[in-house]
Amino acid sequence: MTRTEYRWLLPSAMADPELPGDRRGRSRRTVRDWVVDLTAFLCAAGIGMLAAAAIEADRSTPEGILAADIVIGALACCALWVRRRWPVGVAVALVLVAAVEPVSAGAMLVALFGVAVHRPFRPVAAVGALALALAPVQPYLRPDPDTSFLGATVMGVLLPLLVISWGMVVRSRRQLVVTLRERARRAETEAALRAEQAQRLAREAIAREMHDVLAHRLTLLSVHAGALEFRPDAPTAEVARAAGVIRDSAHEALQDLREIIGVLRSPGESDGDRPQPTLASLDELVAESRLAGMKVTLDNRVGDPATAPAATGRTVYRIAQEGLTNARKHAPGAEVTVTVTGAPGQGLTVEVRNPAPTRPFEQVPGSGQGLIGLTERATLAGGGLDHGPLPDGGFRVRATLPWPA
């Protein structure tokens with residue numbers, strides 16, 4: 001059940017899907033507006049009939065004046081049907097007519113109510129001041145035999161004030177509803193933008209994780225598959241070893257991919273059943289790279305790697321993994337040195353350095369997204385990362401991360 005289904009129960013200013021602005025007076029009337037206008041017309045006509053009956057009861061009133069009162073009162077009631085289009089003009093006209101015509105008093109009150117509902121304070125105050133200023137005119141020109149001049153004047157002042165106050169309350173309530181609607185619409189828009197931004201950040205994080213995890217495995221596959229392709233006469237033991245590395249790397253890549261897909265399917269849950277890498281996992285990473293045929297030297301000067309924070313250790317692992325992957329792609333056959341230093345309270349530093357390649361090789365195109373992702377990782381961890389070529393033609397990646405005391 002939505003608000004649109006019951007829009008016909010709302011005023012036109014609130015039923016319009018667009019917020020009211022310069023379209024005042026041009027909104028299409030709803031069923032509720034027609035009911036309200038008909039009720040207002042009948043109330044004004046009823047008050048006019050009571051006033052006409054009181055005038056008719058006065059034997060001193062000529063028949064011609066009574067007929068003129070009835071005609072003018074009927075015209076005043078009919079003018080209420082256009083009060084939504086010209087509320088101020090209709091109200092001013094009816095105030096002037098009601099100053100000399102008692103039968104149009106009901107129509108004047110309805111017109112004052114319409115001005116108070118549909119217009120801001122300044123025109124309402126001007127029309128109200130005109131009505132109050134002309135309140136003593138009618139009792140003076142056409143006194144009621146049963147009511148004193150003072151009583152009629154007081155009544156002529158209180159009724160417009162009461163009607164205008166009521167209309168201003170209705171207007172303020174409608175403005176509050178419109179304001180709340182606009183706030184709700186703005187909140188929905190902001191929530192949609194926040195959700196879109198969160199999805200974008202999640203996609204970036206997942207893409208970064210896939211790059212860091214899968215690139216290492218896939219380069220191992222590429223290296224050993226290339227070796228089997230260009231050395232079909234290799235010894236059986238070497239072929240078997242390369243095939244085993246390919247099988248293990250493919251299996252690990254598939255497991256990593258399943259883990260990332262599991263995070264996609266179940267956001268907010270744990271990172272999977274597989275243990276996350278830490279600083280103590282560097283030995284396994286280096287051993288895996290050596291098994292793939294790389295020359296890697298690990299210089300881990302951290303006394304107890306297991307005491308390093310898990311998040312910091314995982315960041316160090318990913319940086320070393322990406323450094324080894326880049327060295328395998330851009331400097332095959334070169335010896336890579338991985339140095340890790342640090343202690344609690346002094347921070348943690350990891351450096352991956354490789355010299356220039358010593359033999360020609362087929363260039364592997366790279367997008368540079370891996371280094372960008374590492375820089376973002378190090379920044380999010382509260383540290384920094386710098387990378388660049390060395391004077392001897394090699395390359396170095398160095399990151400400094402915090403390690404609280």
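Here are some notes on the helix packing, the sheet and the salt bridges of this predicted model.

1. **The sheet as a whole.** A good place to start is the open sheet, where 5 strands follow the order β1-β2-β3-β5-β4 with mixed pairing. Its edges are β1 (295–300) and β4, each of which pairs on one side only. On average, neighbouring strands are turned by 10° against each other, direction ignored.

2. **The antiparallel pairs around β5.** Strand β5 (residues 395–401) runs antiparallel to β4 (residues 384–389), and 6 bridges join the two. On its other pairing, with β3 (residues 347–354), the run is also antiparallel, with 7 bridges. For orientation when you scroll through the model, L385 has A399 of β5 as its bridge partner, while R353 stands opposite R396 in β5. The hairpin of β4 and β5 has 5 residues between the strands, and there G393 takes a positive phi near 95°.

3. **Helices on the sheet.** Two helices deserve a look here. Helix α10 (residues 282–291) lies across β1 and β2 (335–343), at about 165° to β1. Helix α11 (residues 310–330) packs on the sheet and touches β1, β2, β3, β4 and β5. The direction of α11 makes about 10° with that of β3.

4. **The buried side of α10.** Which residues of α10 are buried? They are L282, L285, V286 and S289. These residues sit on the same side of α10, because the arc they cover around the axis is only 95°. That fits a familiar rule: an α-helix has 3.6 residues a turn, so residues three or four places apart point the same way. After α10 comes G293, with a positive phi near 105°.

5. **A charged network on β3, β5 and β4.** Salt bridges with shared partners join E351, R353, D386, R396 and R398 into one network. One of its pairs is D386 with R396, whose closest N and O atoms are 2.9 Å apart. D386 belongs to β4 and R396 to β5, so this pair ties together parts 10 residues apart in sequence. Both are partly exposed: D386 has 33% relative accessibility and R396 has a relative accessible area of 24%. Another salt bridge is made by the side chains of E351 and R398, at 3.8 Å from N to O. This pair links distant parts of the chain, with E351 in β3 and R398 in β5, 47 residues apart. E351 counts as buried because its relative accessibility is 15%, whereas R398, at 29%, counts as partly exposed.

6. **A salt bridge within a helix.** The structure holds 10 salt bridges, and one of them pairs E182 with R186, with 3.5 Å between the closest N and O atoms. The two residues are 4 apart in helix α8 (residues 149–230), so about one helical turn separates them. E182 is partly exposed at a relative accessible area of 25%, and R186 is partly exposed at 42%.

7. **Packing of α2 and α5.** Helices α2 (residues 31–57) and α5 (residues 105–118) pack at about 145°, and their axes are 7 Å apart. On the α2 side the contact is made by A40, A44 and I47, and on the α5 side by G106, A107 and V110. By type, these residues are 5 nonpolar, 1 polar and no charged.

8. **The loop before α5.** Is S104, in the loop between α4 (87–98) and α5, buried or exposed? S104 counts as buried because its relative accessibility is 0%. Beyond its neighbours within four places in sequence, S104 is in contact with A76, V97 and A98.

Technical notes. Residues are numbered from 1 along each chain as its sequence is written. This is a predicted model: local features need pLDDT of at least 70, side-chain atom pairs count only at pLDDT 80 or more; totals for chains, interfaces and linings use all residues. Side-chain values use heavy atoms; hydrogens and water are left out. Axes are lines fitted to C-alpha atoms, for helices over the stretch in contact, and angles run from 0 to 180 degrees between N-to-C directions. Contact means heavy atoms within 4.5 Å. Ala, Val, Leu, Ile, Met, Phe, Trp, Tyr, Cys and Pro count as nonpolar, Asp, Glu, Lys and Arg as charged, and the others, Gly among them, as polar. Two strands pair if DSSP finds at least two bridges between them. Buried means under 20% relative accessible area, exposed over 50%, partly exposed in between (1.4 Å probe, protein chains only). The arc is that of the directions from the helix axis to the C-beta atoms. A salt bridge is a side-chain nitrogen of Lys or Arg within 4 Å of a carboxyl oxygen of Asp or Glu.
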